[in-house]
Structures are given as C-alpha cells and as structure tokens.
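Trainee: I've never looked at this one before. Can you show me how to read it?

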Amino acid sequence: MWLIQDIGSDDCRARATLNDPNLHQFNNYDLNSTNIYLAGVWEASYIGIGRANVVLDRVPPINMDSTLKKRLLGEARFLRALYYFNLVRMFGDVPLVLQPLSPEMTDEELYPARTDAALVYQNIIADLENAAGSLPEFYTSENKGRATKGASLAVLANVYLHMEEWSLAANYAQQTIDLGVYQLWTDYADNFKEANKNGMESVFEVQFYRNDVTQNSQMVISGLPSIQGYSRPVWRSCFPPKTCWQVLKRETTAMKSLFSTTTGLIHLSPISGNTGTRMLMILMKPVNRVPTSG
C-alpha cells in the first residue's frame with residue numbers, strides 16, 4: 001500500500017532514471033489495468049479476504065474458549081473490512097466475496113461479478129461494528145499489533161469520512177477518543193521514533209522482526225545487496241508495513257542512504273544486487289508472534 005499511496009504524494013518520488021513504467025504511472029496519475037503493482041495489491045487483498053472467510057466459516061463450530069473464539073472472529077472481521085475498505089477506495093465496485101471457495105471451485109466463485117460500492121461499504125461497516133463489539137480495548141506487550149476495539153472504531157470513522165457522513169464520522173472518532181487509550185505526542189516527530197513503537201498515537205500497527213532473517217515475518221527489502229529478496233509470487237501473500245519511513249530509517253546504512261536529508265524525500269532509484277536492477281520494494285510476510293522490546 002505504501003507504494004500506491006506515497007509515490008503519488010509529496011512524500012517520495014520516482015526518479016526519471018528508474019526504468020519502470022508501472023511505477024511512474026503512480027507518479028504521473030496515469031494508471032492502466034496492466035500495472036503489476038496495482039494487480040499485486042488486488043491479489044494480496046483477496047488472499048487476505050479469503051483467509052478471513054475461512055476463519056469466519058470454520059472457527060464457530062470449534063469447541064474452544066468462548067472469549068478467545070469471539071476475539072478471533074472479531075479480528076477476522078476487522079481484517080476483512082480493512083481489505084475491502086482499501087479495495088473499494090482504489091477500484092470502486094469490486095466483487096464482494098463473503099464465503100470460502102467450495103471444493104468444486106465453480107466459475108461463479110472463481111470469476112465473481114462486481115458488487116456495487118454502496119453494498120461493499122455496508123458490509124465493511126457491519127464487519128467493523130461487529131469487531132468493535134468483540135475486541136478488547138488494548139493489549140499488553142506480547143499481543144501488540146492485534147486489532148482492537150479502538151482500531152475498529154477509528155477505521156469506522158474513516159469509512160464514514162469517505163462516505164461523507166460527517167456526523168457519523170465525528171461520532172466514531174469521539175468514541176475512539178473516549179476510550180482513553182490514545183493521546184497525541186507533544187512533538188509530532190516523536191510518533192516516528194523507534195523508541196516509541198506502538199506508542200500512544202498508534203491505533204493499528206503492523207509488527208515485524210529486525211536482525212533475524214530466519215523468521216517468517218521478517219522485513220524484506222528486495223534489490224538491496226546482501227539482503228534476502230523475494231519474487232513477486234511471494235509478495236502476493238505478504239502484508240506491507242504501516243509506513244516505509246518508520247521501517248527504512250531504522251535499518252541498514254544502505255537503506256538510510258535512500259533518504260534525502262535536504263528534502264526529506266525517499267528516492268526510488270535503480271539498485272543493483274543479486275536480484276538485478278529493480279525498484280525498491282518493501283515486503284512483509286504474515287506475523288506469527290510479537291518481537292521483544294528493542
């Protein structure tokens with residue numbers, strides 16, 4: 001998501017020397033249906049939706065702790081809503097798939113018709129309201145990064161902003177504030193310091209490991225020398241981090257060199273390594289545990 005969101009903004013820019021027309025389409029607001037990065041977001045989103053649908057279909061019959069079951073179902077609804085919220089904002093009408101694929105994998109399942117965006121928004125709202133009533137207000141350190149009641153309410157406020165339902169947006173934003181879980185840093189820059197990871201402004205923050213290449217949730221920067229890279233098929237099953245700035249500025253010298261200390265911009269330029277000359281791509285595989293502090 002950072003690629004789509006940031007390159008079209010003032011936060012970073014694609015250099016003219018970067019020979020990747022797919023990337024420059026975002027920079028120039030000139031997208032077409034063959035853009036590989038846009039297709040990758042579509043694929044990764046529906047993989048996540050499919051996984052959430054499996055959880056919502058198979059967890060209810062399980063004989064297990066009722067509190068944990070409620071939380072897991074709430075997390076699945078939150079993630080499904082978040083995926084659809086991203087999709088509907090990017091593509092408008094999209095297929096609304098709410099059940100796992102059957103063993104027969106019929107044509108109707110494999111090639112679903114697009115659903116009116118208004119109906120997609122209705123399902124997003126229903127999932128988030130369910131999640132807000134199912135999830136705890138906060139987690140202790142070992143579970144940081146999981147969806148919470150506050151995250152559900154905050155996304156609901158954002159959803160209603162996009163729907164131009166101003167009073168509802170204000171209502172859910174106020175509910176988020178009234179939880180008493182979040183505050184604003186006096187200095188805005190503090191929000192991006194490594195020491196303040198999962199800080200008091202953090203509503204929903206993806207977790208990842210550092211300095212441990214054996215973990216499945218490692219941070220991967222493709223195209224940099226001596227850093228393990230993955231091909232696009234693996235990217236389809238990955239979840240991107242919350243912001244590229246927080247990630248890049250805390251890692252190796254090679255990564256830090258991408259930042260301009262004059263303009264504050266991230267420069268995407270050809271980087272030669274074992275994977276050849278490629279654009280910088282940030283990838284993250286699904287988290288399966290939470291790192292220790294530091």
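Trainee: What does the accessible surface of the protein chain come to?

Mentor: Accessible areas come from the Shrake-Rupley method with a 1.4 Å probe, and for residues only the protein chains shown count as cover. Here the total is about 15,700 Å², with 53% of that belonging to carbon and sulfur atoms. One caution: this is a predicted model, where local features need pLDDT of at least 70, side-chain atom pairs count only at pLDDT 80 or more, and totals for chains, interfaces and linings use all residues. Residues are numbered from 1 along each chain as its sequence is written, and side-chain values use heavy atoms, leaving out hydrogens and water.

Trainee: How many of the residues count as buried?

Mentor: Buried means under 20% relative accessible area (1.4 Å probe, protein chains only). By that cut-off, 41% of the 294 residues qualify.

Trainee: And which residues touch the most others in the largest nonpolar core?

Mentor: In soluble globular proteins, nonpolar side chains tend to be buried together. A nonpolar core is a set of buried Ala, Val, Leu, Ile, Met, Phe, Trp, Tyr and Cys residues joined through side-chain atoms within 4.5 Å. This one has 31 residues, and F78, Y84, F85, V88, I124, L128 and V159 touch the most other members. Helix α6 gives the most, eight residues; helices here are DSSP runs (H or I, at least four residues), numbered from the N terminus.

Trainee: What is V159 in contact with?

Mentor: Contact means heavy atoms within 4.5 Å. Skipping neighbours within four places in sequence, V159 is in contact with F85, Y121, I124, I125 and L128.

Definitions and conventions: Buried means under 20% relative accessible area, exposed over 50%, partly exposed in between (1.4 Å probe, protein chains only). Helices (H or I, at least four residues) and strands (E, at least two) are DSSP runs, numbered from the N terminus.
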